[in-house]
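Reader: Please take a close look at the salt bridges in this model. Set them in the context of the whole fold.

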Amino acid sequence: MELLAKSQPRISLKEHIDDCLKILEYLKICFPKAESIMHDIDFWDVVRLGVIFHDLGKAHIEFTKLLMGLANEWTGQRHELFSIPFIDGLEIDNSTKQLLRLAVAGHHRDFERLNRDYITNTYTSNNRDDEFREDEMLVYEEEFAKVNVEGVHNLLDNEFHIKLNSYSIKSPEKLILSYLRKASSGEVNIKNADYFKLLLLFGALKHCDHLGSARMGKIELLDDNSFSFLDKQRSQLLCEEKNFYAHQLKCAGTIGNAILTAPTGSGKTESAILWLRKQMEEFGQGRTFYVLPFTASINAMYERLSSDKGGLGTSKVGMLHAKLQDYLYDYLDNVQYVNTSKKEAINKIRDKFKSLSTPLKVITPFQLIKNLFGLKGFEQGMFEWTGGYFIFDEIHAYSPEVFAQIKVFVEYVVSILKGKVFIMTATMPSFLRTELENSIGGFTSISADEKLYRAFDRHQIILKDGLLSDSLHLIENDLKAGKKVLVVCNTVLQSQEVFRKLKEHAMNALLLHGAFTGEDRTSHEKDLKKGEKDIENPIQLLVGTQAIEVSLDIDYDVIYTEPAPIDALIQRFGRVNRKRKKGICPVVVYKEANKNDKYIYRPALIERTIEVFENILSRGNNIIEERKLQGYIDFVYPNWNEKEKKSFHEIYHLLKYSTENQLIPLIHSKNKEEDFYKQFDGIKVLPVRLKERFEDYLSKYDFIGAERLKVQIRKNKFAQLIAEKDQNLYKTSYYFETEKGKLISIPYWVLTKKYDPEIGLLYDEQEVWVSEVY
């Protein structure tokens, strides 16, 4: 009987191993640093053995019958457990054998689940005392006797030139329990000599198995041709008697870790890619991660870098963030997809981005940090970091808690996995920079030159007493004069009120904040992008919250903003005169904050920011000089405040200890997974007016479309709505039957507050609705 690996489509065991070995050859090219980290073993030879042996247990006759669709008595056992005895027949040292046993045993189930579900309650052994035997339990040795051993030996000998010595048949119970005991006693940690051997071996094996099963024919690389767009850009500049900026040229020649400080709009992205090109010339292949804090930034950067004309190309770039499915849902509205449904097309692209297929990924830091928490698949994630290149953009934007996690991550990849880091910022407090410098170790500091900074002076500060909402007539005058006006408020409620009062005075007006459904938020961003290209019919008035600080490629004539810390204001100012073609443009800041702003920004930061602007005005020069921004930032942020400092150090030391002592290959911690997800402050609710559309999507199995109708609200707001006497929130479920006849329920929260596609969620207004009668 033929040895099979898969049933649909039918694939032989040899074919599957060959598919996995093809992936292994790509891994050798993509991750040259892995072997140098594992300098005391022939790393790729051991991975090869893992690939060849990982599925040999599928030769169990009952499993073969299962794959062939025949009557069988497989009873839900684990095929990988029957692969282990064959490893004992290898003529290699016992230490390497043990690594292979562990990696092969755990390549589908983590050890705690394997022990709980498939060892303790499934198998007994001929060596056990009778009092431990239960009639319904299987005897491992008897089950192994059903493995087509002759077929396995012939496969190994004829196809892979491996002859096995004699080996005994032992239950894997001791192997698994011994590892679990060592893990619980703290013996499996970063100081253990075999720790990284097992971690990287397991990660590489999982990639081979996963991509081999998908029959992936190719893993893309970044080569010199990938960077040809940079040469075209430089040629074009030289034709215009220009060149790359001095800091870009320095990045292009820098070897190793670097920190770049340069003004917004001065080509930091090109600087990063020029640096990357140099690293690959010097150190060879490694996967690249372009890290940004917000999904809007990531989407924009993905589109920029994946361009076939002005970027690396669509086959070279992927992205990962929590709202990826939303992005792809809209993206595929404009793309032809053949012989597949929209859902299947989304899943295919998402799986491609999650795999090793693309050599550069644009991601949030959480896609990296989650591996430090030991979430499922962390071994694959860490293997992908080996010899990698990590570009951090907008590094200033993170909370102290997230910054602490990034610091731990940077230390890990630089000191252990031979990664290289490129950090760039326009504004970062010096005390934060010091933390990063200590994490990186050796690095090159690169700054834009003073001449360039002077060329980027483009904003004239105007301070106004009182509240922004009390001076709307000034904004109306600018709109009447035909100016493009940006208005930024600190809260959703305030932005909604200001928008309502101003929109009738503008040719086209748009509101942007975080209290829209995913569908409407995307629609507003599309309208904004379209308006930036339409000279005849632009978005003349844009009102928003902090959402406009996030990598929106917009260019306005003037901004009116409520008070905020200087780093936030600098980001807001960057949306005015972005291309520096309008001379010096006014940026109007109001001194007085609304009463609820104190919950968003610390008053002390606002006071010091206003003091900075007053000092600028007192010198009789109201120009915000880009070269002095670092001094302004350090004045407003001289150091951590006590609460932030405590939080930063607690998170840093806890995660540092955890990665060194509690991050255990083959074991995934439910508690650490919960700790990771606790830091995300948001719960999605469905506006009641969209309930019918929501359930219509569900009835068509369009779960992504349904999810896009929800609005994300903060956990404290959610708790407040639940606690109020009126029934603001209620939980319900949608029931449907699957094709196999199984009844499924999808629970969701319904919010009875009013929702308007133009304005967003209105917490102060109740929707007129009729409760359903059952």
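Author: What follows starts with the whole chain, turns to the salt bridges, and ends with the packing and one sheet.

This is a predicted model, in which local features need pLDDT of at least 70, side-chain atom pairs count only at pLDDT 80 or more, and totals for chains, interfaces and linings use all residues. Residues are numbered from 1 along each chain as its sequence is written, and side-chain values use heavy atoms, with hydrogens and water left out.

First, the overall frame. The protein chain holds 33 helices and 23 strands. Both are DSSP runs numbered from the N terminus: helices are H or I with at least four residues, strands are E with at least two. The C-alpha atoms fill a box of roughly 90 × 70 × 50 Å along the principal axes. The radius of gyration is 29 Å, which agrees with the value near 28 Å for a compact globule of 774 residues. That radius is taken over C-alpha atoms, and the globule rule is 2.2 Å times the number of residues to the power 0.38. Buried residues make up 55% of the 774 residues. Buried means under 20% relative accessible area, exposed over 50%, and partly exposed in between, with a 1.4 Å probe and protein chains only. Of the contacts (heavy atoms within 4.5 Å) with a separation of 6 or more, 75% are between residues 24 or more positions apart.

Now the salt bridges. The whole structure has 48 of them. Each is a side-chain nitrogen of Lys or Arg within 4 Å of a carboxyl oxygen of Asp or Glu.

Take Asp19 and Arg215. Their side chains meet at 2.7 Å, N to O. The pair links distant parts of the chain, 196 residues apart. Asp19 sits in helix α1 (residues 13-30), and Arg215 in the loop between α11 (195-213) and α12 (228-239). Asp19 is buried, at 9% relative accessible area. Arg215 is partly exposed, at 43%.

Asp555 and Lys582 form another salt bridge, with the closest N and O atoms 3.6 Å apart. Asp555 lies in the loop between β15 (541-544) and β16 (558-561), and Lys582 in the loop between α26 (566-573) and β17 (585-590), so the bridge ties together parts 27 residues apart in sequence. Asp555 is buried, with a relative accessible area of 9%. Lys582 is partly exposed, at 33%.

Lys691 and Glu695 also pair, at 3.2 Å, N to O. Both lie in helix α31 (residues 691-699), 4 residues apart, about one turn of the helix. Here the lysine is the buried partner: Lys691 has a relative accessible area of 7%. Glu695 is partly exposed, at 22%. Elsewhere, salt bridges that share partners join Lys407, Glu411, Glu435, Lys656 and Glu660 into one network.

Helix α31 also figures in the packing of α16. Helix α16 (residues 324-331) is mostly covered, with 6 of its 8 residues buried. Those residues are Leu324, Asp326, Tyr327, Leu328, Tyr329 and Asp330. Their cover includes α31, along with α15 (295-305), β7 (317-320), α17 (342-354), α25 (518-533) and α32 (703-707).

One more acidic residue deserves a line. Glu626 is in the loop between α27 (603-618) and α28 (629-636). Glu626 is buried, at 9% relative accessibility. Leaving out residues up to four places away in sequence, Glu626 touches Pro263, Tyr453, Phe456, Asp457 and Arg458.

Next, the nonpolar cores. A core is a set of buried Ala, Val, Leu, Ile, Met, Phe, Trp, Tyr and Cys residues joined through side-chain atoms within 4.5 Å. The largest has 217 residues, and Phe43, Phe53 and Trp385 have the most contacts inside it. Helix α11 gives the largest share of this core, 11 residues. Trp385 touches, among others, Phe289, Leu368, Phe390, Phe409 and Tyr412. A second, separate core has 31 residues, including Val498, Leu721, Ile759 and Leu762.

Last, the sheet. It is open, with 4 strands in the order β19-β18-β21-β20 and mixed pairing. Strands β19 (711-713) and β20 (729-737) are at the edges with a single partner each, so one side of each lacks a neighbour in the sheet. Neighbouring strands are turned by 50 degrees against each other on average, direction ignored. Axes here are lines fitted to C-alpha atoms, and angles run from 0 to 180 degrees between N-to-C directions. Strands β18 (residues 683-687) and β21 (residues 743-751) pair in the parallel sense over 2 bridges. Pairing requires at least two bridges found by DSSP. Leu686 stands opposite Val750 in β21.
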